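Visitor: I would like a close look at one part of this model, namely the way its helices pack against one another and against the sheet. Please take me through that part step by step, and then outward to its surroundings.

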Amino acid sequence: MSGIDAIYQDKILAYAGNIPRLGKLPDATHKGEAVSRACGSEISVYLKLEDGLIVDYAQKVDACALGSAAASIVASSIVGCSPAEIEQARDEMRAMLKEGGPVPGGSFAELGLLQSARSLTNRHSSMLLALEASVRALNSKS
């Protein structure tokens, strides 16, 4: 493993081991879930939407290190975002992983760290779980 790979590995594991906003959100206005068929990772998210922006967020995460790292980054970035920004981040993350596209922009730029795991195609769905669950939540009511 090269030095740069080790740095990315350490950062990914640090995010995976320190997931913020764990638990349920009692006053959530939206709830969503996503499961990876490839590895069994799953995430439930609870959002509170006010005036078109995410004002609070919580999540239950049962995922591999890559899925947990992505969930950690999403939880650190999502409050203050609009639903359109969440959908855009999901689409950009999917393009980064599956099509070699650029890293997500804006509040979700740190997800670019997971670009180093792009070759692990069986983990793409796990890395997308937090954003997928958030988009599903925003498209349904709690």
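Guide: Helix 2 passes helix 4 in a right-handed crossing, and in this predicted model that crossing is a convenient place to begin. The residues that make the contact are Leu-66, Gly-67, Ala-70, Ala-71 and Val-74 on the side of helix 2, and Ser-126, Met-127, Ala-130 and Leu-131 on the side of helix 4. Sorted by class, the contact of helix 2 with helix 4 comprises seven nonpolar residues and two polar ones, with no charged residues. As for the geometry, two packed helices are described by the angle between their axes and the distance between the axes. For helix 2 and helix 4, the angle is about 30 degrees and the axes are 7 Å apart, which makes helix 2 roughly parallel to helix 4, since angles under 35 degrees count as roughly parallel.

One residue of this contact, Ala-71, deserves a separate look. Ala-71 is placed in helix 2 and counts as buried, because its relative accessibility is 0%. Setting aside residues up to four places away in sequence, Ala-71 touches Ile-43, Gln-59, Val-61 and Ala-130; of these, Ala-130 belongs to helix 4, whereas Ile-43 falls within strand 2 (residues 42–50), and Gln-59 and Val-61 fall within strand 3 (53–62). A further distance concerns Ala-58, which is 13 residues from Ala-71 in sequence and, C-alpha to C-alpha, 10 Å from it in space.

These contacts lead to the sheet, for helix 2 (residues 65–77) lies across strand 2 and strand 3, and runs at about 160 degrees to strand 3. The sheet itself is open and is formed by three strands in the order 1-2-3, with antiparallel pairing. Its edge strands are strand 1 (30–35) and strand 3 (53–62), each of which pairs on one side only, and from one strand to the next the twist averages 20 degrees. Strand 1 and strand 2 are joined in the antiparallel sense over six bridges; within that pairing, His-30 stands opposite Leu-47 of strand 2, and the bridge partner of Glu-33 in strand 2 is Ser-44. The side chains of strand 1 alternate, such that His-30, Gly-32 and Ala-34 point to one face and are buried, while Lys-31, Glu-33 and Val-35 point to the other face and are not. The hairpin of strand 1 and strand 2 has six residues between the strands, and there Gly-40 takes a positive phi near 85 degrees.

A word on backbone angles belongs here, since most residues other than glycine have a negative phi. Asp-51, although not a glycine, has a positive phi of about 50 degrees; this residue is found in the loop between strand 2 and strand 3, and it is exposed, with a relative accessible area of 81%. Arg-21 is likewise not a glycine and has a positive phi of about 60 degrees. Arg-21 lies in the loop between helix 1 (3–17) and strand 1, and is partly exposed, with a relative accessible area of 35%.

Returning to the helices, we can follow the chain from helix 2 into the loop that precedes helix 3, where Ser-82 lies. Ser-82 is buried, with a relative accessible area of 17%, and apart from neighbours within four places in sequence it is in contact with Gly-52 and Leu-53. In helix 3 comes Glu-85, which counts as partly exposed because its relative accessibility is 35%; outside its neighbours within four places in sequence, Glu-85 is in contact with Gly-80 and Phe-108.

Helix 3 also packs with helix 4. The axes of helix 3 (residues 83–99) and helix 4 (residues 124–138) come within 9 Å and cross at roughly 160 degrees, and the two helices are therefore roughly antiparallel to each other. This crossing is left-handed. On the helix 3 side, the residues that meet helix 4 are Pro-83, Ile-86, Glu-87, Ala-89, Arg-90, Met-93, Arg-94, Leu-97 and Lys-98, and their counterparts in helix 4 are His-124, Met-127, Leu-128, Leu-131, Glu-132, Ser-134, Val-135 and Leu-138. By class, the contact of helix 3 with helix 4 has 10 nonpolar, two polar and five charged residues. Met-127 and Leu-131 of helix 4 thus appear in this contact, and they also appear in the contact of helix 4 with helix 2.

Definitions and conventions
Residues are numbered from 1 along each chain as its sequence is written. This is a predicted model: local features need pLDDT of at least 70, side-chain atom pairs count only at pLDDT 80 or more; totals for chains, interfaces and linings use all residues. Side-chain values use heavy atoms; hydrogens and water are left out. Axes are lines fitted to C-alpha atoms, for helices over the stretch in contact, and angles run from 0 to 180 degrees between N-to-C directions. Helices (H or I, at least four residues) and strands (E, at least two) are DSSP runs, numbered from the N terminus. Angles under 35 degrees count as roughly parallel, over 145 as roughly antiparallel, 65 to 115 as roughly perpendicular and the rest as oblique. A crossing is left-handed if the near helix is turned anticlockwise from the far one by less than a right angle, and right-handed if clockwise. Contact means heavy atoms within 4.5 Å. Ala, Val, Leu, Ile, Met, Phe, Trp, Tyr, Cys and Pro count as nonpolar, Asp, Glu, Lys and Arg as charged, and the others, Gly among them, as polar. Two strands pair if DSSP finds at least two bridges between them. Buried means under 20% relative accessible area, exposed over 50%, partly exposed in between (1.4 Å probe, protein chains only).
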